[in-house]
Amino acid sequence: MTSPKPKTIQTMKPETAAKKLGVLLSATPAEFQAGVVSRDELNKLQSTPPAWLADLRRNGPHPKQVVAAKLGVSISGLIRGGITGPLTTAEIDALKAENPAWLERERSIQAETRKEALRLKQR
């Protein structure tokens, strides 16, 4: 009989953990950037976020996938609109208030894409 092997702790790079948390790695504390994050630590950060994480999620700067989601466009649409870097919540709100032509166009493209995907799924 063989004895059961002890479970290995699953870890990930800080870049991966930041992406899963929806935050920009460069905006996280140095100790987060320097180490590895275990699956248990990630789960704890998600369930009870510390002040720095809650602040980053609330105020940014946000990575492009979060910016795209908040504006209702694709990442490609952001790039076509000239947005290539992270934005803060205030900058996103200002863009929404300004509602430039490119944003309206990209939102309509995104809406059409979603409609088409739903139509194909229902076939």
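**Buried corners and helix contacts**

Reader: Let's kick off with Thr 28: buried or exposed?
Author: This is a predicted model, and in it Thr 28 has a relative accessibility of 6%. The cut-off for burial is under 20%. Since 6% falls below that cut-off, Thr 28 counts as buried.

Reader: Which backbone oxygen does the side chain of Thr 28 reach?
Author: Thr 28 sits in the loop between α1 and α2. Its contacts beyond four places in sequence are Val 23, Gln 33, Trp 52 and Leu 56. The backbone oxygen in question is 2.6 Å from the side chain of Thr 28, and it belongs to Leu 25.

Reader: Trp 52 caught my eye there. Why is the aromatic pair of Phe 32 and Trp 52 put in its class, and what is that class?
Author: A search of the whole structure turns up 1 aromatic pair. Its ring centres, those of Phe 32 and Trp 52, are 5.5 Å apart, with the planes at 55°. Stacked needs planes under 30 degrees apart and edge-to-face needs over 60. An angle of 55° fits neither, so the pair of Phe 32 and Trp 52 is tilted.

Reader: How many residues apart are Phe 32 and Trp 52 along the chain?
Author: Phe 32 belongs to helix α2 and Trp 52 to helix α4, so to speak two distant parts of the chain. Phe 32 is buried at 9% relative accessibility, while Trp 52 is partly exposed at 26%. Along the chain, the separation of Phe 32 and Trp 52 is 20 residues.

Reader: Which side chain makes a polar contact with that of His 62?
Author: His 62 lies in the loop between α4 and α5, and it is buried, with a relative accessibility of 1%. Its contacts beyond four places in sequence include Leu 56, Val 67, Pro 86 and Ile 92. The polar contact is 2.7 Å long, and the partner of His 62 is Thr 89.

Reader: In that loop, what is the peptide bond from Gly 60 to Pro 61, cis or trans?
Author: Pro 61 is also in the loop between α4 and α5. Omega for the bond from Gly 60 to Pro 61 is near 10°. The peptide bond is cis.

Reader: And at roughly what angle do the axes of α5 and α7 cross?
Author: Val 67, Lys 70 and Leu 71 of α5 make the contact with Ile 92, Leu 95 and Lys 96 of α7. The crossing is right-handed. The axes come within 10 Å, and the crossing angle is roughly 35°.

Reader: How far apart are the C-alpha atoms of Val 73 and Gln 110?
Author: Val 73 is in the loop between α5 and α6 and is buried at 5% relative accessibility. Gln 110 is among its contacts, as are Leu 103 and Arg 107. These two residues are 37 apart along the chain, yet the C-alpha separation of Val 73 and Gln 110 is 5.8 Å.

Reader: What is phi of Asn 99 near?
Author: Asn 99 is in the loop between α7 and α8, and it is partly exposed, at 27% relative accessible area. Phi is positive here although the residue is not glycine, with a value near 45°.

Reader: Last one: where is confidence highest in the protein?
Author: The average pLDDT is 90, and 97% of the residues score at least 70. Strand β1 has the lowest mean, 88. The highest, at 94, belongs to helix α7.

Methods. Residues are numbered from 1 along each chain as its sequence is written. This is a predicted model: local features need pLDDT of at least 70, side-chain atom pairs count only at pLDDT 80 or more; totals for chains, interfaces and linings use all residues. Side-chain values use heavy atoms; hydrogens and water are left out. pLDDT is the predictor's confidence in each residue, from 0 to 100. Helices (H or I, at least four residues) and strands (E, at least two) are DSSP runs, numbered from the N terminus. Rings of Phe, Tyr and Trp (its six-membered ring) pair if their centres lie within 6.5 Å; planes under 30 degrees apart count as stacked, over 60 as edge-to-face and the rest as tilted. Buried means under 20% relative accessible area, exposed over 50%, partly exposed in between (1.4 Å probe, protein chains only). A polar contact is a pair of N or O atoms within 3.5 Å; within protein, one must be able to donate a hydrogen and the other to accept it, and residues adjacent in sequence count only if both atoms are side-chain atoms. Contact means heavy atoms within 4.5 Å. Axes are lines fitted to C-alpha atoms, for helices over the stretch in contact, and angles run from 0 to 180 degrees between N-to-C directions. A crossing is left-handed if the near helix is turned anticlockwise from the far one by less than a right angle, and right-handed if clockwise.
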